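User: I would like to go through this model and ask, label by label, what each assignment rests on. Please set the value against the criterion each time.

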Amino acid sequence: APSIISVITEEQIKNSGAKNLGEVLRQVAGFNVHLITTYPDTVVAIRGWGASGNPSVKIMINGHSTENPLDGNAGLTIAFPVDLIKKVEIIRGPGSALYGNSAMNGVINIITKDASPLRSGEGVISAGYGSFNTYKGTGQFSYSKDDFSLFLFADHTSGDGDPQLIGKDAASAMFPPGFSLAPGYSNEDFRNNIFFTKMSYRNVYLTGFFKDSRHENPVGISNAITDENKVSDPSAFAEAGYEGVLSENMRLSAKAYYDCKGQDFTYEIFDQKTSAFFGYPKDQGVIGYPESKSEKIGSEMMMTFSLPKSSEIVAGALFESLKTYDVKSVGNGNIIGRPMILDGVKYMPMQYLGGFRDTSESYNYLDQDKSQRTVYAGYIQGTWNIAEAFPVLKQIGKNLTLTAGVRYDDYDDVGNSLSPRMGLVYAPNDRFFFKLLYGEAFRAPSFAELYYMNNPSVIGNPNLKPETIKTAEILAGINLTDRITATADFFRIQKEDNIRITQTNYINYGEIESLGVEGEIRVSFDKHRYGYFNVTFQKMKDLTHETMSDLGSSVYTQDDFDMGGYPQVLANLGINSDISRYVNANVSVSYVGSIERSDRMQFTASETDPDGTLEKSDQRDPVGSYALFNMSLIFHNFDFAKGWELQLTGYNLFNADQRDPDISGQVPDDLPRWGRNFIGKLTYTF
């Protein structure tokens with residue numbers, strides 16, 4: 001394949017005991033999965049890049065793009081149930097030439113389970129309980145007869161999580177002692193409900209997905225510990241399509257879809273202990289209730305033409321209409337960062353409004369009149385098997401295939417993007433294979449980046465344009481035996497027009513580079529006996545050469561500097577074996593190297609140097625390295641309990657001190673994660 005690809009199967013996911021999609025992705029080379037303090041979701045960082053909502057990663061469910069125009073893929077990876085997954089196909093590297101927006105650093109396609117003749121009439125129910133009052137229940141049913149099939153799935157998970165001690169937060173740094181909940185504990189409560197169905201008749205299908213999640217912000221939206229916050233972001237999509245062969249050399253895929261998502265948040269900006277500093281009533285914090293709804297309507301058609309000599313052409317077109325509406329702001333304080341006038345009364349920043357007030361008319365947090373977008377796209381990609389076309393080349397190798405493609409996306413609000421790609425795959429024999437890859441990709445600004453307003457921390461910029469990357473990759477692989485494969489790849493990524501926050505505004509500014517090497521060995525004897533080991537070395541630098549000055553006349557131009565906030569070394573080891581007919585054992589270790597702080601310089605004023613002293617902007621010690629050791633045992637195939645299966649899984653068994661980096665510096669000791677925990681699951685198939 002003309003990409004660097006990983007595939008994780010249903011059996012591998014099940015054997016590992018992973019609780020959600022984020023834990024599944026952790027085992028992939030180049031992937032680091034972590035949380036942030038201000039939002040309850042996993043960040044999937046690929047080759048060093050990662051942000052809340054995973055804006056640079058294309059996540060799909062059966063080829064259906066899941067991103068939302070306001071907040072990307074926020075909330076999906078932490079809630080998606082592993083029991084629904086048949087396999088996960090992962091591309092490391094750019095994918096915009098086929099998949100468009102957001103496919104900058106990777107593409108994750110979740111292939112769900114479905115009905116098949118072999119599983120017709122099969123039902124599966126499971127129930128689980130684990131540490132921190134974790135409850136899990138799943139039910140699925142498959143039916144297939146003649147040309148008709150139906151698959152139904154439902155899943156519930158909930159728990160208290162493992163609250164972790166936060167020593168200092170933003171409030172303890174900003175206000176006098178006694179006005180912060182720190183030292184205090186993080187918020188870890190969660191609840192997820194998932195429903196999925198797929199129905200098909202011959203070549204026509206209809207599928208639906210619904211997610212209802214409620215989580216608490218680990219620390220708080222302002223990096224101050226609060227105890228009254230909640231993120232509720234229900235989402236759903238429906239898709240109808242046709243997939244079939246039109247002729248011997250032609251295949252058609254066509255689909256139409258509708259997506260919707262709601263946001264109903266409770267954001268406690270400061271706890272009642274802090275709000276007392278501003279004169280709020282007793283036991284009432286500074287609280288906001290932002291709400292919104294988003295929808296996406298689209299269609300796509302793709303044709304695949306098979307050509308002689310094992311070559312083919314893929315061509316397609318896409319249309320989408322997106323909007324965010326019913327935006328609403330309700331709160332009990334002036335949190336917009338400047339004076340607010342309501343009913344002729346002037347309220348200063350952070351002043352109590354006398355109760356909860358709807359400020360949507362005059363001080364909404366998003367310009368919903370502009371939060372609309374229309375997208376047109378077209379793409380074509382050709383794969384040419386040069387060795388088949390020119391038999392004389394068979395002398396130099398078994399396979400020599402060239403892939404070239406390009407996609408054009410036109411956005412009515414932020415302009416257009418052209419995304420080319422090229423790949424050369426060469427296999428001199430059955431033992432060795434090589435890939436030489438180049439691709440360009442883009443990400444369109446979100447509605448939040450374009451149209452946020454009345455926010456003291458960040459203001460949207462309607463003049464933003466898409467950020468782009470250029471990626472070059474080289475892979476070498478060897479089949480050591482029929483069952484052992486080793487690969488090594490080198491990547492270089494250059495990002496331009498980077499969307500960043502300067503002071504309080506989003507702007508396109510800067511150039512970033514990521515370099516690294518990924519190596520992996522996979523061993524597979526059968527679906528129960530296999531193992532893998534991968535390691536990643538990566539380095540990210542800011543090449544912008546920003547110029548700054550102190551309060552006097554000194555001027556400094558930044559050199560290339562390490563961006564920090566990511567591990568330079570990652571490693572994963574996994575071993576699975578059926579100890580006997582009745583017991584399967586799986587052991588995995590994930591190592592995350594120490595995480596350095598940013599080397600960015602700044603002028604810091606002090607009593608001895610009021611003009612400002614040049615020093616590192618973040619002088620904290622690195623986040624320490626850690627290794628997560630997990631083990632899962634499956635007991636099944638007993639004659640006295642046919643159809644029954646018991647799985648016991650332990651996570652972080654050595655109770656490693658796992659901390660996710662807080663880049664803002666407002667939570668100085670970073671975000672500690674769960675300690676040792678266990679879960680047991682009982683499954684019955686009938």
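User: What makes E6 and E7 a pair of strands?

Analyst: In this predicted model, E6 and E7 are joined in the antiparallel sense over 7 bridges, and since pairing asks for at least two bridges between strands, the two count as paired. Within this arrangement Ile-91 stands opposite Val-107 in E7.

User: Why do strand E1 and strand E5 count as edges of the sheet?

Analyst: The open sheet has 5 strands in the order E1-E6-E7-E4-E5, with mixed pairing. Strand E1 (4-9) and strand E5 (64-65) each have a single partner strand, so one side of each is left without a neighbour in the sheet.

User: Why is Leu-318 called buried, and Ile-474 partly exposed?

Analyst: Leu-318, in strand E20 (residues 311-328), has a relative accessibility of 11%; because buried means under 20%, the label follows. Ile-474, in strand E29 (residues 467-479), has 47%, and because partly exposed covers the range between 20% and 50%, that residue counts as partly exposed.

User: What makes Ile-474 part of a nonpolar surface patch?

Analyst: Its relative accessibility of 47% can be set against the requirement of over 30% for patch residues. Ile-474 forms the patch together with Leu-436, Phe-490, Val-517 and Phe-537, and the accessible area of the five together is about 460 Å².

User: How do you know that Lys-527 and Glu-11 form a salt bridge, and what does the pair tie together?

Analyst: The N to O distance between their side chains is 3.9 Å, and because the criterion is within 4 Å, the pair qualifies. Lys-527 lies in the loop between strand E33 (512-524) and strand E34 (530-542), and Glu-11 in helix H1 (residues 10-16), so the salt bridge ties together parts that are 516 residues apart in sequence. Glu-11 itself is partly exposed, at a relative accessible area of 24%.

User: What makes the contact between Arg-597 and Asp-670 a salt bridge, and are the two residues buried or exposed?

Analyst: The closest N and O atoms of Arg-597 and Asp-670 are 2.8 Å apart, which is set against the limit of 4 Å, and the pair is therefore counted as a salt bridge. The pair links distant parts of the chain, 73 residues apart, and both residues are buried.

Conventions. Residues numbered from 1 in each chain as written. Predicted model: local features only at pLDDT ≥ 70, side-chain atom pairs only at ≥ 80, totals over all residues. Heavy atoms only, no water. Helix = DSSP H or I, 4+ residues; strand = E, 2+ residues; numbered from the N terminus. Buried < 20%, exposed > 50% of the residue type's maximum accessible area, 1.4 Å probe, protein only. Patch = residues over 30% accessible without salt bridge, like charges linked within 9 Å, V, L, I, M, F, W, Y side chains within 5 Å. Areas by Shrake-Rupley, 256 points an atom, 1.4 Å probe, with all protein chains shown as cover.
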